[in-house]
Amino acid sequence: MQDLNNKVAYVTGGTKGIGFGIAKALVEAGLKVAISGRKLEDVQKAKEELGSDNVIAIASDVTNFEDEARAVEQIVEKFGRLDVLIANAGVGKFGPVDQLSLEDWNAMIATNLTGVFHTLKAGVEQLKKNKGYYITIASLAGTNFFAGGSGYNAS
């Protein structure tokens, strides 16, 4: 992507950590940016910290396809397009298999795997239309296993 003027990016899990850093770098590069997270208060706080009128805050849970579809609709309504979709939202629950609950396992799979699919599925038509980019953020835990990380490593 050569010309970043008028380009629009969506970063899931954009309220803290890597996602927030990505959003900040994109804003500084001149993109219009949508960030999402599960809690509206957290997303609004992150938007304020980014300090730009070219940022919108969206409450969306990537485990829910309808939330992601609404997020993409809001982005297109506000900015007119979507060019870059960054699936960054993730969750980690740690412990040995015999202590890892089914709820924790399911939360990681729903967010770290299914959530990525929901985000892409919701935005794919915009990306095709605008010859955009889809980027997934993954952990090295997928290849560098560690004790107590069985579920996270798998997801």
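The dialogue below walks through a few features of a predicted model.

Biologist: How should I read burial for a single residue, and is aspartate 83 buried or exposed?

Modeller: Burial is read from relative accessible area, and a residue counts as buried when that value is under 20%. Aspartate 83 has a relative accessible area of 1%, and it is therefore buried. In the chain, aspartate 83 lies in the loop that runs between helix H3 (65-79) and strand S4 (84-87).

Biologist: Which residues does aspartate 83 touch, leaving aside those up to four places away in sequence?

Modeller: With those set aside, aspartate 83 touches Asn6, Lys7, Val8, Leu127, Asn130, Gly132 and Tyr133. There is also a polar contact, at 2.7 Å, between the side chain of aspartate 83 and the side chain of arginine 81.

Biologist: Val8 is among those contacts, so how many residues of strand S1 (residues 8-12) are buried?

Modeller: Five of the five residues in S1 are buried. One side of the strand carries Val8, Tyr10 and Thr12, while the other carries Ala9 and Val11, and both faces are covered. S1 pairs with strand S2 (residues 32-37) in the parallel sense over five bridges, and within S2 the bridge partner of valine 11 is isoleucine 35.

Biologist: Tyr133 was another contact of aspartate 83; where does tyrosine 133 sit, in which strand?

Modeller: Tyrosine 133 belongs to strand S5 (residues 133-136). Its relative accessibility is 39%, which means that tyrosine 133 counts as partly exposed. Together with Ile18, Ile135 and Ile137, Tyr133 makes a nonpolar surface patch of about 350 Å².

Terms used
Residues numbered from 1 in each chain as written. Predicted model: local features only at pLDDT ≥ 70, side-chain atom pairs only at ≥ 80, totals over all residues. Heavy atoms only, no water. Patch = residues over 30% accessible without salt bridge, like charges linked within 9 Å, V, L, I, M, F, W, Y side chains within 5 Å. Areas by Shrake-Rupley, 256 points an atom, 1.4 Å probe, with all protein chains shown as cover. Salt bridge = Lys/Arg side-chain N within 4 Å of Asp/Glu carboxyl O. Helix = DSSP H or I, 4+ residues; strand = E, 2+ residues; numbered from the N terminus. Buried < 20%, exposed > 50% of the residue type's maximum accessible area, 1.4 Å probe, protein only. Polar contact = N/O pair within 3.5 Å; in protein donor to acceptor, adjacent residues only side chain to side chain. Contact = heavy atoms within 4.5 Å. Pairing = 2+ DSSP bridges.
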